[in-house]
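Colleague: Please take one backbone spot in this model and look at it closely, then work outward from there to the rest of the assembly. I would like the cut-offs stated as you go.

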Number of protein chains: 2
Amino acid sequence: MRNIEICLSPELIHLHDLKGKTVVVVDIFRATSTMVAALGNGIKEIRTFASLEECKSMKAQGYLIAGERNGHKVNGFDLGNSPLTYLDGKYAGEKLAMTTTNGTLALSKSQDAEEILIGAFPNFSTTLDYLKSIDRDILVHCAGWKGRFNLEDSLYAGALTKGLEGTHQSEDDASLALKSLFEKEGNDLKKFLSQASHAKRLQNHNIEADIDFCLQEDSIDLIGKFEKGALTKF
Amino acid sequence: MRNIEICLSPELIHLHDLKGKTVVVVDIFRATSTMVAALGNGIKEIRTFASLEECKSMKAQGYLIAGERNGHKVNGFDLGNSPLTYLDGKYAGEKLAMTTTNGTLALSKSQDAEEILIGAFPNFSTTLDYLKSIDRDILVHCAGWKGRFNLEDSLYAGALTKGLEGTHQSEDDASLALKSLFEKEGNDLKKFLSQASHAKRLQNHNIEADIDFCLQEDSIDLIGKFEKGALTKF
């Protein structure tokens, strides 16, 4: 039996040993969901940046640049951060530079892993099947919110732990807790998450459709893999 | 409506604002449970120390010293760390110095709070009633295990959040998650915890009776308050 463990925040990742493991980085609202949407609709490569300035500088290298602050596309950027932007394939063939604070931090703090994937509900089953097929321990790295525990990333981690219970045992307390929480709340994630701080923030920005996309399982069939600083379809 | 929030580990406490709040420090296996047992059986005052050496030095000041490593009382110490030690009132009237790594860290990182209590299941309802009666926001500070999330401290935090839902709203994601988890698993904590890493460690030390004491609600009627470096009955 292989193992699965969960790190609840990038602030706790130093307590985990990443060596030899597959790390699944999760930032459900909305970084990793947007990445899956983009890769699933023809974007060839994604690079992430914590700051708007770094991201903007990628324009000169031929990247589409996506940047949003407080729910609005930033002046001078091509796109905001909505996953829905990519769904019609309009940007197929492009390379994308995007800003995300929590997601970028989690990715950069996962570099000691053997392999880094991104996790999101839209490609849940494809990722799950891949994880079952490889002979490696798994760590789910929740991006959280400014270092804190967050509900949507944690529920994804719980869903993955549940999905892997035939092949991966969970010995750490976080995976036991979140598997159980997902068993209780997984049948109506949207309702449960509507109480949560981050979902409330997103609702204030009128992005209900984004939330629906981010919580809908299996609309996109791909694995997103982060390697040498760039995310591509694997 | 007042607020309740949960900090899952001392490693995350810098993300929380403690000012003006009542902080409840929780280290179920076994520091705060042992403290409640000791105070409830006549111990006048408790001081905690991270190291055996510091703790031992308190002997010269007339303190009983309790120190345990790897499940065994340390040579030269009066007592181990079991809560059961105190139940017959044999040490009534004494002052106690005890070692605890996770609990000491959580207490020392709670100093910015308006008030610091210790939380444990044996004095659950007394503490709950007190928290309802005061006009203050609450932060539950889980001591965790070497910085990581731990199940027993988190379930206590969830139980408290559930118990306070008439007076205190939970806006942070951790309290929403743990309240829901307690709703699911709270009716058989021991069974759920038997899967957990820390409970497994304790079982290896043959301290099943300690676990039973630590998970049993309301055997002791007191509030434990930490003030000026010492814990006393409030």
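Modeller: Arg30(B) sits in the loop between strand 2 (22–26) and helix 1 (31–39) of chain B. Helices here are DSSP runs of H or I with at least four residues, strands are runs of E with at least two, and both are numbered from the N terminus. The model is predicted, so local features need pLDDT of at least 70 and side-chain atom pairs count only at pLDDT 80 or more, while totals for chains, interfaces and linings use all residues. Residues are numbered from 1 along each chain as its sequence is written, chains are lettered from A and ligands numbered from 1 in the order in which they are written, and side-chain values use heavy atoms, leaving out hydrogens and water.

The peptide bond leading from Phe29(B) into Arg30(B) is cis, with omega near 0 degrees. Chain A has a cis bond from Phe29(A) to Arg30(A), with omega near -5 degrees. Arg30(A) lies in the loop between strand 2 and helix 1 (31–40) of chain A. Most peptide bonds are trans, and most residues other than glycine have a negative phi.

Chain B also has backbone angles to check by eye. Lys146(B), which is not a glycine, has a positive phi near 50 degrees. It is placed in the loop between strand 9 (138–142) and helix 5 (151–163) of chain B. Lys146(B) counts as exposed, at 61% relative accessibility; buried means under 20% relative accessible area, exposed over 50%, and partly exposed in between, using a 1.4 Å probe and protein chains only. Asp218(B) is another non-glycine with a positive phi, about 65 degrees. Its loop runs between helix 9 (208–215) and strand 11 (224–227) of chain B, and Asp218(B) is partly exposed at 39% relative accessible area.

Now the two chains together. A turn of 180 degrees with a shift of 0.0 Å along the axis lays chain B on chain A with an RMSD of 0.0 Å, where copies are superposed by least squares on the C-alpha atoms of residues with pLDDT of at least 70 in both. That is the relation of a two-fold axis. The C-alpha of chain B nearest the axis belongs to Leu181(B), 2.8 Å from it. The copies meet through the same surface, because 100% of the interface residues of chain B are also interface residues in chain A.

Leu181(B) is also among the residues lining the largest cavity, as are Leu181(A), Phe149(A) and Phe149(B). The elements that give two or more residues to this lining are helix 6 (173–185) of chain A and helix 6 (173–185) of chain B. About 80 Å³ of space lies in this largest cavity, and there are 3 cavities of 30 Å³ or more. A cavity is a set of points on a 1 Å grid over the protein atoms alone where a 1.4 Å probe fits but cannot get out, and lining residues have an atom within 4 Å of a point. Points are joined across faces, edges and corners, and the volume is the space filled by probe spheres set on them.

Leu151(A) links the two chains as well. Leaving aside neighbours within four places in sequence, its contacts (heavy atoms within 4.5 Å) include Leu181(A) and Leu193(A) in its own chain and Asp173(B), Leu176(B) and Ala177(B) in chain B. Leu151(A), Leu96(A), Leu96(B) and Leu151(B) touch the most other members of the largest nonpolar core, which has 146 residues. Such a core is a set of buried Ala, Val, Leu, Ile, Met, Phe, Trp, Tyr and Cys residues joined through side-chain atoms within 4.5 Å. Leu193(A), one of the contacts of Leu151(A), is in helix 7 (residues 189–193) of chain A and is buried at 2% relative accessible area.

Last, the cysteines. With a disulfide taken as a pair of cysteine sulfur atoms within 2.5 Å, the count over all chains is 0. The sulfur of Cys142(A) is 7.4 Å from the closest cysteine sulfur, in Cys7(A), which is too far for a bond. Cys142(A) is buried at 1% relative accessibility. For Cys214(B), the closest cysteine sulfur is in Cys142(B) at 15 Å, again too far for a bond, and Cys214(B) is buried at 0%.

Note on methods:
On a 1 Å grid over the protein atoms alone, a cavity is a set of points where a 1.4 Å probe fits but cannot get out, and a pocket is an open set with protein on both sides within 12 Å along at least five of seven lines; lining residues have an atom within 4 Å of a point.
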